[in-house]
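Hi,

Here is the structure I promised to pass on. Have a look at it first, and my notes follow below.

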Amino acid sequence: MPGFYSSVDISASGLSAERLAMDVIANNIANANTTRTPEGGPFKRQLILFAQKPDAAAAQPGAATPMGEQGGGLAGVQAVGIVSDQGPDKLVYDPSHPDADTNGYVHYPNIEVVKEMVDMMAASRAYEANVTAIQDARQMGQATLSLLQA
Amino acid sequence: MSDFSFGKTADLLKNAIGGSGLNQSAIANNIANVNTPNYRRETVSFKEALAQSLGAPPDPDQLSLAVDNPKHIAFNEGIEPTPYTTPPVKLDEGIEMRPDHSNVDVDQEMSLLAQNTGYQQTMAQILKVNYQQLRTLFTENP
């Protein structure tokens, strides 16, 4: 049985996932010119992976819930991992740079700042959509609770 | 869940509010998964479940066949009302419009969200009026 404000929990999972996406994008922009990392080589662009959160109640055998029979359940979204983009590094010819290779090329991260800005706008708009869903759920809850003061 | 009822209208409104709550969860889930690749949007057809619980009378504009045996088919006999059951959450295998193979359209979800909220608030308001009428009946006030 979902709680009275279960849809707020679902939207909250969206908020935290989009916020984590913003963190990853901010980290990419901050490291757009990082040529040294502890692992060696330049910084690699990080990508966040989203997946639908499995519904714990529907996964239990014999659970008497109408949800999850055909759908994947209503449990929201989760970030399942942050992976490195294995695309090629950007090469800039600068033989005097301390991190230049033997041919005089410096390996810069495979980050396009413009692309990151676009991803950031998408994450920001998705965050706003989840906020609107929470506001609407709250209005619905208030409408139901106002039945008590009739 | 108690079986106590304040009448057909109150029961119908109660199911409408419950169904719109489930629908709200489905829409919230679609919005939360707006950036999930390969996601399939989920829908709750609670209005169909409500319509089935009401049944339908025979269409007055159509003639019905006379029957004198239960095995005869009358046509146009309307739909028998069935007890309301919580509608299941269904996957929408609609057209993918996005390169990440998800079929969520965020504009559509936001408009469905607004519709659902307005619907729920309307039903709650009608239920409130229904309870106010009952209260008038119960109150011993001239």
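Salt bridges between chain A and chain B: the rule finds zero across that interface, where a salt bridge is a side-chain nitrogen of Lys or Arg within 4 Å of a carboxyl oxygen of Asp or Glu. Bear in mind that this is a predicted model, so local features need pLDDT of at least 70 and side-chain atom pairs count only at pLDDT 80 or more, while totals for chains, interfaces and linings use all residues. Residues are numbered from 1 along each chain as its sequence is written, chains are lettered from A and ligands numbered from 1 in the order in which they are written, and side-chain values use heavy atoms, with hydrogens and water left out.

What the interface does have is ten residue pairs in polar contact, both residues at pLDDT 80 or more (a pair of N or O atoms within 3.5 Å; within protein, one must be able to donate a hydrogen and the other to accept it, and residues adjacent in sequence count only if both atoms are side-chain atoms). On the chain A side, α1 (6-30), β1 (46-52) and α3 each supply at least two of the residues that touch chain B, and α3(A) gives the most, with twelve. That side divides into 17 nonpolar, 16 polar and three charged residues (Ala, Val, Leu, Ile, Met, Phe, Trp, Tyr, Cys and Pro count as nonpolar, Asp, Glu, Lys and Arg as charged, and the others, Gly among them, as polar).

In all, 36 residues of chain A and 38 residues of chain B take part in the contact (heavy atoms within 4.5 Å). The two chains bury about 2,800 Å² between them, 63% of it on carbon and sulfur atoms (the accessible area, 1.4 Å probe, lost on being put together, summed over both).

Chain A itself has three helices and four strands (DSSP runs: H or I of at least four residues, E of at least two, numbered from the N terminus), in the order α-β-α-β-β-β-α. Of its 150 residues, 37% are buried (under 20% relative accessible area; exposed is over 50%, partly exposed in between, with a 1.4 Å probe and protein chains only).

Two residues to click on. S146(A), in the segment after α3 (113-145), is buried at 14%, and its side chain reaches the backbone oxygen of A143(A) at 2.8 Å. Y84(B) sits in the loop between α2 (46-54) and β2 (89-91) of chain B and is partly exposed at 23%. Its C-alpha atom is 7.8 Å from that of N15(B), 69 residues apart along the chain.

Cheers
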